[in-house]
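Trainee: Could you take me slowly through one part of this model, and then set a few other details beside it?

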Amino acid sequence: MLDHILSILIFFPALAAMLGFVVNKDSMRSYGIAVATIEFFLALWLWFAFDGNVSGMQFMEQVALVPTFGINYIVGVDGISLFIIILAAFFTMIGIASLGETKDIKNMIITLLFLQMTMVGVFAALDAIVFYVFWELSLVPMLYIIGAWGGPLRIYASVKFFLYTFAGSLVMLVGMLFMAYFYYQATGQWSFAILDWYRLILPESFQIWLFVAFFIGFAIKVPMFPFHTWLPYAHGQAPTIGSVILAAILLKMGTYAFIRFSLPLFPDASVYFMYPIAVLAIIMIIYTAMVAYAQKDIKQVVAYSSVSHMGVIILGTFALNVEGITGSIFLMIAHGVVSGALFFLVGVIYDRRHTKLMSEFGGLAHVMPRYATIFGLMLMAAVGLPLTINFVGEFLSLLGFYKQSHILTLLAGIAIIVGAIYMLAAYKKMFFGEVTKEENRNLPDVNKRELLALIPLVIITVWLGIYPKPLLGTINTSVESVVQLMHEKALSEEAKTRIPSLNILINKTSAKEAH
Amino acid sequence: MEIGLNHYLVLSTILFAIGLVGVMRRKNLLMLFFATEILLNSVNISFAAISHYYGDLTGQMFAFFVIAIAASEVAVGLGLLIVWHKKHNNIDLDSMSTMRG
Amino acid sequence: MLSPVNVSIESLNLMTLVPMLIPIIGALLIIVIDLFNSDQHKSLYVMLVLLVLGVDFVALMDSAGVFEKNGTVMGVFDVMLIDGLAILSQFIIVGASMLFIPLALTHKRFHEFSYPEFFALFLFMIAGFQFMVATDNLILIFVGLETASLALYTLIAMHNRDKSFEAAVKYFTMGALAAGFFSFGSMIFYALTGSVEINQIAAVLSANNYEDIAFVLIGVVFLLASLGFKLSMVPFHTWTPDVYEGSSAALAGYMSIVPKIAAFVVAMRLFEFLIHSGVVWLEVILYMGVVLTMTMANIWALVQTDVKRMLAYSSISHAGFVMAAILIGTTQSNSALFLYWILFSFTNLGSFSMLWISRQKNLPAHQQSDHSYDKFAGMVKASPVAATIMALFMLSLAGVPPFALFWGKMYMISSAITGGYTVLALIMALNSAIAGYYYLKLIVYMFMKEPVVEYDGRVFSANATLPLKTIIGVAAIGTIFAFLAVNQLLDFITVFVYNSGY
Amino acid sequence: MELFLYTALFSPLVGSLFAALFGASPKTKIAGIVPSILLGVSFLSSFILLILVMVTGHTIHVEMMTWMATGDLYIPFGFVVDQVSVTMMIVVTLVSTVVHVYAIGYMEHDKGFNRFFSYLSAFVFSMMILVMSDNFAGLFIGWEGVGLCSWLLIGFWYHKESASWAANEAFIMNRIADLGMLIGIFMIYWNTGTLQYKEAFAVMPSLEHDVLTWMGIFLFIGAMGKSAQFPLHTWLADAMEGPTPVSALIHAATMVTAGVYLVVRAHPLYDLIPNVGLFIASLGAFVALFAASMALVNRDMKRVIAYSTLSQLGYMFAAAGLGAYWVALFHLMAHAFFKALLFLGAGNVMHAMHDELDPFKMGGLRKVMKGTFVMMTVASVALAGIFPLAGFFSKDLILEVAFVEQHYIIYTVLLFTAGLTAFYSFRLVALIFHGEDRYKLFGIHPHEAYKFMLVAMSPLLILAIIAGSLKLSYFEMITKLLPIIEYHVHHPAVYWTMIIGTQLFVITAIAYAYKKYTRKDIKVPDGTSKMENSFVYKLLINQYYIPYFYETYIIKAYRDLSEVFWIKVDQKIVDATVDGIANVFYQTGEKTRVMQSGNLSTMLKWMVAGTVVLLSLAVVFGLAARHSGEIKMFLSGLGV
């Protein structure tokens, strides 16, 4: 069973979703929780069986799909993708478990399970087309979640989300097809297997064009400035569960893809574009943080803060060294946990008051002390307080990038200031002061169902903040091989110096297995 | 003046142009059909002439087929025209614009 | 004094005619049956047609076997040309027709199906298209084209509504003009080369090194105009939306597939040798045509309020997309064309059939047209399964993987890249994004809007019967599980295209 | 020994968590008592460690576990007890134990009693991490941890707008500085390859001077935030919104001195870059004067003490900047004792006066609050630096340092500041405890604080008195780690002149303050007196208009810019562009759909038009092909 664990992880939720059509409406919640829990334990089993000392792909499976054209269903997992897969399973589980009173709950759960398939699929795929399939497919359930359960502007938001991402990824598809064509020219065979592509060394000019093509797809997904405007709408309109999954997992697809595709495939272009991207990342960090500060709606604050944090992830990725990339991967997980939790928290208050405007609140700390405490903790995690999960990632990302540019790191570091400004201001508006609105005086504190989702997140936030080693070690191993690969593939002198050599032997066997 | 191939071709082109203008200008469906007939028959002249010029029969064969097709077109076209006329009591092109956009 | 001609029966290779003869015989059979015993139920004719087409399909498989063994076969005074393209396109023509004809077995009674002539004409039309693709003789192409077209005009008109007459007249008139263009174009080539066979024309032209390039171009212009009309390339497309709107949804779906594949094959035969001989002008014009067709059709589709009309524009756009294959002109692109079209026929026929089963007999008072978007608002509440299937077709048309059309799109874009048309590849990709909007619009209406009028679920299957549902099921399955078949299809198509020299 | 280390470190955490358990339940004494006891335990352990370090001269170093490890980076949770950290541990645990016990009384009637102790103990834990860590990352954990606790505690009474505002201000200002610190840490890592103090400092001498300079500057920026140095000083005065025990512990004795600790800890670095040291010293001297001047006129008891703290921090930086690290540390310690005492005394007064802070509304309190009166007077004497109290030994030493190092400007400034210090301290004492009972006008009935609170304060009182006598033994211990530099004015005549002169100057200032503020006709100022309308007074009472400047030109500008970014840029430009692109397509569709007029005639015309266009293109192209040679010639004639 372990040989096929990835396929099981991918398709089990989809199968369960199909069967879910038969399940009675009233039992649907239990069914969803059961399925998601099984999936989560499968994911944990994957972690358990995963060998953290191996840098290459593990649990690889390969099935021919369109062999004539080099498309095969190849899945595998390494330290980079492992934890995001687990995170996806985890968030689906607590997401379903914490679903409140929702209309059409059956459709919602079925959609979520389909979404889970696509999420796990994206992170496990080792074939560009399979990756693309899941990447695009993930849009559909999300579209439905936003469009069917969202706020007043839900249709605009969902369509914008879909089309924007769709347009970007089509450009990416062109890039992928080009890449495959290069591979075909070089070897006489079509292949979309990423591990095959890794061995291809492209001339710098081609790298640059392809990098741009991939970049557009990824950047919209991340979303990077100036492609970010779909996100506030999507978050603003989506139901809580949608926002949570979107922030926690879907956005990570973009940053993950940078590490999976852009860096190892185009090392020279990565170096070439390092500064422009870093500048974009810094604009993302500071500009969106300022925009977040200007928001009136708490959910928009969290949404923009997401963009701001993604900037740090991008920066860490383009540090092009082990510290930075490891940091950015860790930050992906951290940001998933923290922003997911923040969206949950916003959902809690929305369920009670049906408004997200901060001016409607104030003094909630009196009324809902437990809620205020958890919110405060997550807020501190979001501003990157040490010993919370976010700090590890942010610290490493910035540390890594410092090697590349001092000034830019200094600018990016402003994140810790501006982040504190909008977060604290928002917290103050909502929780401090006297209770001014009569409606708020008798709000119930977080209930058991909500705690079920929040407590695990709190635990993870603190636990991984204090003891990130189990993750960092595994991530590190895989990242080292990526960096070494990049160094070896780099053509230009500058790239060779920018990307450090680690003098380790990368595990070539995994690449060979692809054939 | 000897009449050569070019003269036939020019005649044919002129007729074709007349047909085209007719197709564009006519608002009466029946007249429009006439214009299309002119189009097809202008081509027939050329085919016959070229066929003669090359001394093979292909062109004439083509011309025959064109004639045949023109005839069947007339059959179908007139059928449609009659039905339309029955329903609307006119055969004006401008009356046919319920579908647009 | 003509010298006697000795022609042996063997050298005529009459077997090449069999696939065309079968539907003709079938059509005659239907007429004969009607002659002796009218007032037969339409199901008899539907099944007869299906049978005939089935036989035709088997005959085609036979030809395919012959082609695989012996390669291209000429026959009947070298008029017939049975190469890979001919066989592949006939497969599509016959296959799509087989998917179409059961759609006649509707729940509501429609005028056209009560006439046996409808079925006879249908078979004649198929024969016409088959002739059109299985020859490189301009005369036969012309004859096939006109046979099919005339039959088609009649089929449209038989729907017996105001709009269908209007559609038929429009289609017919423009078709007549296009016929004029075609014959004029053929005439120019005949004048230039003394031949009406494409092979010969190509040979002669390259032998005299394209001396009269200006006249060649003029000839190309006329042929392009007439084929452009058939393929509904901008600006020769204007008939398409009106005709689709005027005809029944089922027939509209059919029209978006079968006549076009026939025209594509002709275009391939005509234009590719020109492009390969370095007629840059044609390349430029086709490039512009492709881009214009794709983009403008997409843009017009954006603003439609009727789903059928939207789908009409979408079909134009898809045709433009596929037209790129002829511009690129590599084996991969030509294979992509067939792959695309096969996958497209499943999806598009499926989506038109979805409109077909929701068709009421008469237009309800609150509706502007038969299939306005408003009608589908909130469909998921009334009939979730139908809505899901419709959404599936829309996603496939938009090119969302892993549904059928994605594979076609991907392969097509890849062929553009391989052929060196990178910018074109990008334009194609971005057009898919624009197209996403209007497909999405329908999904939005079905899944996210509240119903305008409270329907019960029956509205969306007003016209449904088991055969219709079966066809939709087949289309849906084909759409979803296309990825399993892509490899075989691709292998098969590539062999056929490659061995035909394209 | 590790046991003591861990006990010292983790007892406060346990205390904090214990109190947190009662976080949501109603106030219970136990939530205050247990953390206090645990802090006592922590203090005892620290004391044992101090003895150990003093006696044996050994230091203790443990690595508990790995925190982060990736690439070449390796950061453990490592702790070191050496002469410097043990000093800080003693100061921290002692003052916090006192403050905890005191707070049991002080916070008695507060709803958030349990919460308060949880935060306060958490603060102590963070502070312990800060001082005990053996690497910069660990230091940063503590650094941010104390920042968090400071935020929580300043904003403890969160229902007050001013409190939560002050909390946020403190946090954000500290964050600005933390960025500098973070960059400093990055520099250290990439230049030395490690963040462990020992190894990093070992490599530093071999680094380029520029690099070291920047490193020093960035680390110092971090220190400036925590220690509220100019221009990041405004938060400290506003932080007085927090409960008074918090002010005593965090904003007087411990957290604000973390900056000094950092400079002392990084002395191997600052030794290499004397220029930066001089800058630090100059800034310190400036802040000393600057803060003292603001304290002169302020009418908020706690703020006066806060400015005094700021001023004393300036002294410490002056010393540290001049290389006299041990002197800085010594003053830090002495200052912690008497300043905490002063604050706690002020807390008693506040309680007595029902949270009235304006000393002009008090007066004559010595009659009702004997104990507090004695303690605050002693603390003020110590602060003023009168022999033989603690301040005399530590502060005069700093003056000597400046003198010996021949930085006469710094010396002069510091000397002058000493006079100001004496003046404002006794202005406060005089206004509160002497003169008429002005409070009666406001109908307040003051009472002395609980006995146990006074008892709790007594260790500080004793230390404020005797700390100076520990100088020699302390010197002996600390110089095992810090550079041995004896600052002695070698000429006895000069030495004695300086000492006596300073003492006289200070005493004069005290006397003047007494004379001025014990008069019977002192009234609550109402803004009409001549002095209050003088420019200098206005400048000082408005804190040199710096908060105003920040409010108008930074905070407001930031807010406005944020609005602009959101509404003008994000919505009107970025998003509008995206929607604009979509709209272009849509509008094109709307505009051109008229092409499809539905009229057959038009359709036919389109077809013909298309053909004609193609034809003309073909003709042009054909002609061009036929005459390509001529065209080329024509074009070359045009010079194309």
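Mentor: I will begin with a single residue, Gln406 of chain D, bearing in mind throughout that this is a predicted model. Gln406(D) has 8 other C-beta atoms within 10 Å, and because 12 or fewer such neighbours is the cut-off for an exposed residue, Gln406(D) is classed as exposed. Its place in the chain is the loop between α17 and α18 (408-433) of chain D, and its phi is near 65 degrees, which is a positive value in a residue other than glycine. As background to that backbone angle, most residues other than glycine have a negative phi, and most peptide bonds are trans.

Chain C offers a residue to set beside this one, namely Asn209(C), which is not a glycine and yet has a positive phi of about 60 degrees. Asn209(C) lies in the loop between α8 (198-207) and α9 of chain C, and, with 8 C-beta neighbours inside 10 Å, Asn209(C) counts as exposed.

Turning from phi to the peptide bond, we find that Phe387(D) and Pro388(D) are joined by a cis peptide bond with omega of about 5 degrees, and that Pro388(D) belongs to the loop between α16 (370-384) and α17 (390-404) of chain D. In chain A, the peptide bond from Phe225(A) to Pro226(A) is cis as well, with omega near 0 degrees, and Pro226(A) is found in the loop between α9 (204-221) and α10 (230-237) of that chain.

The helix α9 of chain C, already mentioned as one border of the loop that holds Asn209(C), spans residues 213-231 and packs with α24 (residues 600-626) of chain D at an angle of about 160 degrees, the two axes being 8 Å apart. Since angles over 145 degrees count as roughly antiparallel, α9(C) and α24(D) are therefore roughly antiparallel to each other, and their crossing is right-handed. On the side of α9(C), the residues that make the contact include Ile213(C), Leu217(C), Val221(C) and Phe229(C), while those of α24(D) include Met607(D), Leu614(D), Phe621(D) and Arg626(D). Sorted by class, the residues of this contact are 16 nonpolar, three polar and one charged.

Chain D also touches chain B, in a contact that takes 12 residues from chain B and 10 residues from chain D. The side of chain B that touches chain D is made up of six nonpolar, three polar and three charged residues.

Key. Residues numbered from 1 in each chain as written. Chains lettered and ligands numbered in written order. Predicted model: local features only at pLDDT ≥ 70, side-chain atom pairs only at ≥ 80, totals over all residues. Contact = placed C-beta atoms within 7 Å. Nonpolar A, V, L, I, M, F, W, Y, C, P; charged D, E, K, R; others polar. Axes fitted to C-alpha atoms, helices over the stretch in contact; angles between N-to-C directions. Helix = DSSP H or I, 4+ residues; strand = E, 2+ residues; numbered from the N terminus. Parallel < 35°, antiparallel > 145°, perpendicular 65-115°, else oblique. Left-handed = near helix turned anticlockwise from the far one by under 90°. Buried ≥ 20, exposed ≤ 12 C-beta atoms within 10 Å, placed from the backbone.
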